[in-house]
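Please open the structure in your viewer and keep the sequence panel visible. The tour below proposes one selection after another and describes what is found at each stop.

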Amino acid sequence: MKPGQQRPVVLITGAGKRVGAAIARTLHAAGYDLALHCRRSVAEAEALAGELEQQRADSTLVLQAELANIDALPALVDVLLARFGRLDGLVNNASAFYPTPVGTATAAQWNELFASNAQAPFFLAQAATPALRDSGGAIVNLVDIYAERPLADHPLYCMAKAALAAMTRALALDLAPVVRVNGVAPGAVLWPSEGKTYDDQDALLSRTPLKRSGSPDDVAGAVLWLLRDAPFVTGQILPVDGGRTLSV
Ligand SMILES: NC(=O)c1ccc[n+]([C@@H]2O[C@H](COP(=O)([O-])OP(=O)(O)OC[C@H]3O[C@@H](n4cnc5c(N)ncnc54)[C@H](OP(=O)(O)O)[C@@H]3O)[C@@H](O)[C@H]2O)c1
């Protein structure tokens with residue numbers, strides 16, 4: 001669809017697979033057109049775009065970028081605006097996640113974990129702010145319950161997500177009254193890819209009152225609610241964790 005279109009548009013980072021793809025399917029089904037950002041998962045993002053285009057033609061755009069490259073971030077917004085002519089939502093979903101035990105952490109790990117989890121969300125939000133002000137849009141950041149209650153041996157990831165939580169509140173203040181900024185803090189919804197572990201999964205689920213892991217769709221539903229159905233909510237981070245943060 002050309003500039004001036006009526007359908008709302010959302011940019012989702014890390015949208016090629018896993019939780020990002022679930023968010024994309026949920027928002028698209030709710031009527032949003034999408035800019036699907038990816039880095040390495042170009043084939044997955046293109047396949048997802050093809051699937052969504054079958055449902056509604058001219059409704060997607062795939063954008064490839066390394067988010068650590070700050071200088072490339074404004075161009076993502078520019079390309080999106082050239083295609084769709086508007087931006088109504090930014091979902092900062094992309095994330096690096098791996099352990100960095102004290103004594104082993106490196107500056108490169110610091111840079112990688114902060115780049116996707118805190119730095120890019122801020123600079124993307126900054127680049128998107130004029131368009132979001134024009135549309136009365138919203139930002140949703142994918143935080144983590146570990147921003148508040150750290151996961152052992154993951155200090156840099158936890159610190160980066162804590163920065164994202166702080167950013168959520170700071171930008172909610174600074175972009176009000178027009179643009180709302182909120183976060184979703186998932187518990188376990190999808191176990192990390194091969195070679196990484198969150199925790200002993202059974203032990204973790206035994207500490208979760210709802211006695212199951214969540215699904216990507218649980219997270220996607222919360223993102224949709226914060227984007228579309230929560231006009232008086234800003235600066236909040238909604239745990240989607242089966243009640244896990246209720247107990248110590
Ligand atoms: N999964 C869970 O149970 C869980 C729990 C708590 C919080 N969360 C949060 O929820 C969000 C989604 O979780 P997930 O497990 O689906 O995430 P994920 O699979 O670990 O990562 C999502 C995508 O982030 C992209 N990415 C990472 N670093 C990047 C960089 N430097 N530049 C560009 N893209 C980068 C990757 O895209 P490419 O593949 O295209 O390279 C990756 O596919 C994340 O923010 C995560 O922290 C998830």
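**Stop 1: strand β2**

Begin by selecting strand β2, residues 33-38: 6 of its 6 residues are buried, so the strand is largely enclosed by the rest of the structure. Please bear in mind throughout that this is a predicted model. Display the side chains of β2 next. In a regular strand the side chains alternate between the two faces of the sheet. Here Asp33, Ala35 and His37 point one way, while Leu34, Leu36 and Cys38 point the other way. Add β1 to the selection; β1 and β2 pair in the parallel sense over 4 bridges. Within this pair, Val10 stands opposite Leu34.

**Stop 2: the nonpolar core**

Which residues touch the most other members of the largest nonpolar core? They are Leu36, Ala128 and Val223, in a core of 69 residues. The element that gives the most to this core is α4, with 10 residues. Select Val223 and look beyond its neighbours within four places in sequence: Val223 is in contact with Ile23, Val91, Val140 and Val184.

**Stop 3: helix α7**

Now select residues 216-228, helix α7. This helix has 13 residues and reaches 18 Å from its first C-alpha to its last, close to the 18 Å expected at 1.5 Å a residue. Its buried residues are Val219, Ala220, Ala222, Val223, Leu224, Leu226 and Leu227. To see what they pack against, show β1, α1, β4, β5, β6 and β7.

Step back into the loop between α6 and α7 to find Lys211. Lys211 is exposed, with 10 other C-beta atoms within 10 Å. Its phi is near 55 degrees, a positive value in a residue other than glycine.

**Stop 4: helix α5 and the loop after it**

Select residues 155-175, helix α5. At 1.5 Å a residue, its 21 residues should span 30 Å, and its end C-alpha atoms are indeed 30 Å apart. The buried residues of α5 include Leu156, Tyr157, Leu164, Met167 and Leu171. The elements that the buried residues of α5 pack against are α4, β5, β6 and β7.

Is Ala166, also in α5, buried or exposed? Ala166 counts as exposed because it has 12 C-beta neighbours inside 10 Å, and a residue with 12 or fewer is classed that way.

Continue to Pro177, in the loop between α5 and β6. A cis peptide bond joins Ala176 and Pro177, with omega about 10 degrees. Most residues other than glycine have a negative phi, and most peptide bonds are trans.

**Stop 5: Pro130 in helix α4**

Select Pro130, which is found in helix α4. Pro130 is exposed, with 11 other C-beta atoms within 10 Å. Draw a distance from its C-alpha to that of Val179: the two residues are 49 apart in sequence and 9.8 Å apart in space.

**Stop 6: around the ligand**

Finally, select the ligand and the 26 residues that surround it; the closest are Gly14, Arg18, Val19, Arg39 and Ser95. The elements that give two or more residues to this shell are α1 and α4, and α1 provides the largest share, 3 residues. Colouring by residue type divides the shell into 13 nonpolar, 7 polar and 6 charged residues.

End on Arg18, which is found in helix α1. Arg18 counts as partly exposed, with 17 C-beta neighbours inside 10 Å. Although Arg18 is not a glycine, its phi is positive, at about 55 degrees.

Terms used: Residues numbered from 1 in each chain as written. Predicted model: local features only at pLDDT ≥ 70, side-chain atom pairs only at ≥ 80, totals over all residues. Near = placed C-beta within 6 Å. Nonpolar A, V, L, I, M, F, W, Y, C, P; charged D, E, K, R; others polar. Core = buried A, V, L, I, M, F, W, Y, C linked by C-beta atoms within 7 Å. Buried ≥ 20, exposed ≤ 12 C-beta atoms within 10 Å, placed from the backbone. Contact = placed C-beta atoms within 7 Å. Expected span 1.5 Å × (residues − 1). Pairing = 2+ DSSP bridges.
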